[in-house]
Amino acid sequence: MRRNILAAVLAAVVITVTGSAAHALSVGSPGNVLELGASSLSGSFSFTELDVEDVEVDTKSIMFKGAVGATDSLTPYLKIGFADVESGSLGFAWGGGALFELVTPGDPSGLSVAVDLQVLWWDSDDGNINYDAFEGQASLMGSIRSGGTKGYAGVAVSTIDLEGGNLNLDESASTHLFFGLDYLIDFNFYLNVEAHLFGQDSLTIGFGYLF
């Protein structure tokens, strides 16, 4: 079962990379609410294209995410890292959000439904051009566990504002689908893969540790 799930996600990765790409904020890593007092630390890499007002802009990012179980149904998190725009330098990126569980599973493999809200700011220098960007995203997702694999999927509504050089782009209420998984490798280490499709296409790959 775990091999089938992993194979499906890897196939989606191939489809995502070979198709057109647009930017999206990753929801998972981990893709579930943490228990009270538990925490996680993860790092991820994303390569995307911003698609704002029909203008495509190449970007990539390296992000670190720290999350903690504030209650049994609330997991706030902080994101810090680096991102660029076009061929510019990697600039500082920071943001955060929270995952709210709406439906708690009746057993460890049951369906969980949650809402994720997050924001991210970053900048990048390309010669004499300085880019400033802001992203916000609200997501509704469901997740289910099978052994050491946690799969999740949902729908997201995002907004982005990008300024710099000749660009002054602002797009809101862009809706798309996403899905991904956290795959337990060994001990508390896990692999995370997440794809955003149909309206915004993006790929994020990362590793994390559950404390």
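Among contacts in the protein chain between residues at least 6 apart in sequence, what percentage join residues at least 24 apart? The figure is 54%. That comes from a predicted model, so everything below is a reading of computed coordinates.

To get the overall layout first: the protein chain has one helix and 10 strands. Going along the sequence, the pattern runs α-β-β-β-β-β-β-β-β-β-β, with the helix symbol at the start and strand symbols after that. The chain has 211 residues, and buried ones make up 46% of them. On the outside, about 10100 Å² is exposed, and carbon and sulfur atoms supply 63% of that area.

Now for the inside. In soluble globular proteins, nonpolar side chains tend to be buried together. Here the largest nonpolar core has 13 residues. Within this core, Val-85, Ala-93, Leu-120, Trp-122, Leu-162 and Leu-167 are the ones that touch the most other members. Two or more core residues come from each of β2 (55–68), β3 (74–85), β5 (112–126), β6 (129–146) and β8 (167–186). There is also a second core, separate from that one, with eight residues. Among its members are Val-27, Val-33, Leu-99 and Met-141.

Nonpolar side chains turn up on the surface as well. A nonpolar patch of about 1100 Å² is built from Phe-45, Phe-47, Ile-62, Phe-64, Leu-78, Ile-80, Phe-82, Leu-90, Phe-92, Trp-94 and Trp-121. At least two patch residues come from each of β1 (39–52), β2, β3 and β4 (91–103), and β3 gives the largest share, with three residues. One patch member, Leu-90, sits in the loop between β3 and β4. Its relative accessible area is 40%, so Leu-90 counts as partly exposed.

Strand β1 also holds Ser-44. This serine is buried because its relative accessible area is 18%, which falls under the 20% limit. What does Ser-44 contact, once its neighbours within four places in sequence are left aside? The partners are Ser-61, Ile-62 and Met-63, along with Thr-204, Ile-205 and Gly-206. Ile-62, then, is both a contact of Ser-44 and a member of the nonpolar patch.

Aromatic rings make up the last part of the picture. A pair of aromatic rings is described by the distance of the centres and the angle of the planes. The count comes to four aromatic pairs. In one of them, Trp-121 and Phe-134, the ring centres are 5.2 Å apart and the planes meet at 45 degrees, so the pair is tilted. This pair links distant parts of the chain: Trp-121 belongs to strand β5 and Phe-134 to strand β6, 13 residues apart. Trp-121 is partly exposed, at 34% relative accessibility, and Phe-134 is partly exposed too, at 25%.

Another pair is formed by Tyr-209 and Phe-211, with ring centres 4.8 Å apart. Their planes lie at 70 degrees, so this pair is edge-to-face. Tyr-209 is partly exposed, with a relative accessible area of 26%, whereas Phe-211 counts as exposed at 56%. Ring pairs also link Trp-94, Trp-121 and Phe-134 into a cluster. Of these, Trp-94 and Trp-121 have already appeared as members of the nonpolar surface patch.

How values were computed: Residues are numbered from 1 along each chain as its sequence is written. This is a predicted model: local features need pLDDT of at least 70, side-chain atom pairs count only at pLDDT 80 or more; totals for chains, interfaces and linings use all residues. Side-chain values use heavy atoms; hydrogens and water are left out. A nonpolar core is a set of buried Ala, Val, Leu, Ile, Met, Phe, Trp, Tyr and Cys residues joined through side-chain atoms within 4.5 Å. Buried means under 20% relative accessible area, exposed over 50%, partly exposed in between (1.4 Å probe, protein chains only). Helices (H or I, at least four residues) and strands (E, at least two) are DSSP runs, numbered from the N terminus. Patches are made of residues with over 30% relative accessible area and no salt bridge: like charges are joined within 9 Å, nonpolar side chains (Val, Leu, Ile, Met, Phe, Trp, Tyr) within 5 Å. Accessible areas come from the Shrake-Rupley method with a 1.4 Å probe; for residues, only the protein chains shown count as cover. A salt bridge is a side-chain nitrogen of Lys or Arg within 4 Å of a carboxyl oxygen of Asp or Glu. Contact means heavy atoms within 4.5 Å. Rings of Phe, Tyr and Trp (its six-membered ring) pair if their centres lie within 6.5 Å; planes under 30 degrees apart count as stacked, over 60 as edge-to-face and the rest as tilted.
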